[in-house]
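Reader: I would like a close look at one part of this model. Please take a single side chain and its surroundings, then work outward to the fold.

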Amino acid sequence: MRRFMNRYGLFPTYFSNNITILTGLSAAGKTAAFSFIRECMAINPQIVCLNYLDYQKDIKEMLTQMKNKMIVIDNADILLDDETRKFISLDENNKYLIIGRNPKNLFTTKDNLFELVSNKNEDVTEFWIQPYL
C-alpha cells in the first residue's frame, strides 16, 4: 500500500481514487476522525465537511457547485440519496472521503474501501486505516 500526501495537503493518506469509502465498527472513531479533518477545514478552503447537521440542505446541489475540493461526508448513510451517490460516483472535479457503512452506488472496489481501526494505549488513542476487503 502506498502512502502519500494528497494534492490538498491535508494529511498523509492511502487514497488513490477520487472516492474513498471509510467504514468501521460502531464507536471505532469514524466521527472523531471526521472532526479532526473538520478542524483542517478552518485553515484549508479546499476541504469541505458535511455531516448530519447538513441533513436539511440540498447536498447534490451543493456538490455540483464545487470544484477541486476534498469533500468529506460523515453519516453518508443518512445524507446521500441514490441520485447524489450517482453524481458523486461520476464527479471528476472533486475528491471524496465518504464515511459510512453503505457503499451502494459509489462504484466500490477493494481499492477504495477502507476500515478505520483504533487502539487505545493509556491516554492516547491511535487511528489508522486498513483495506476492508
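Author: Start with I88 in this predicted model. Leave aside the neighbours within four places in sequence. I88 is then in contact with I19, L63, I73, L80, Y96, I98 and L106.

Now widen the view to the core. The largest nonpolar core has 17 residues. I73, I88 and I98 touch the most other members of this core. Several elements give two or more residues to it: strand 3, strand 4, helix 2 (59-64), strand 5, helix 3 (76-79) and strand 6. Another core lies apart from this one. That second core has 13 residues, among them A33, I37, F114 and I129.

Next, the sheet. It is open, with six strands in the order 4-5-6-3-7-8. The pairing is mixed. Strand 4 (47-50) and strand 8 (124-131) stand at the edges. Each has a single partner strand, so one side of each is left without a neighbour in the sheet. On average, neighbouring strands of this sheet are turned by 20° against each other, direction ignored.

Take the strand 4 edge. Strand 4 and strand 5 (residues 70-73) run parallel. Four bridges join them. One bridge partner can be named: I47 has M70, in strand 5.

Two helices pack on this sheet. Helix 1 covers residues 30-41. It touches strand 3 (19-23), strand 4, strand 5, strand 6 (95-99), strand 7 (113-121) and strand 8. The direction of helix 1 makes about 140° with that of strand 4. Helix 4 covers residues 82-90. Helix 4 touches strand 3, strand 5 and strand 6. Its direction makes about 140° with that of strand 6.

Finally, the whole chain. The protein chain has four helices and eight strands. Along the sequence, they follow the pattern β-β-β-α-β-α-β-α-α-β-β-β. Of the 133 residues, 43% count as buried. Consider contacts between residues at least 6 apart in sequence: 53% of these join residues at least 24 apart. The chain exposes about 7900 Å². Carbon and sulfur atoms supply 50% of that area.

Back to the starting point. I88 counts I73 and I98 among its contacts. I73, I88 and I98 are also the residues that touch the most other members of the largest nonpolar core.

Methods
Residues numbered from 1 in each chain as written. Predicted model: local features only at pLDDT ≥ 70, side-chain atom pairs only at ≥ 80, totals over all residues. Heavy atoms only, no water. Pairing = 2+ DSSP bridges. Axes fitted to C-alpha atoms, helices over the stretch in contact; angles between N-to-C directions. Contact = heavy atoms within 4.5 Å. Buried < 20%, exposed > 50% of the residue type's maximum accessible area, 1.4 Å probe, protein only. Areas by Shrake-Rupley, 256 points an atom, 1.4 Å probe, with all protein chains shown as cover. Core = buried A, V, L, I, M, F, W, Y, C linked by side-chain atoms within 4.5 Å.
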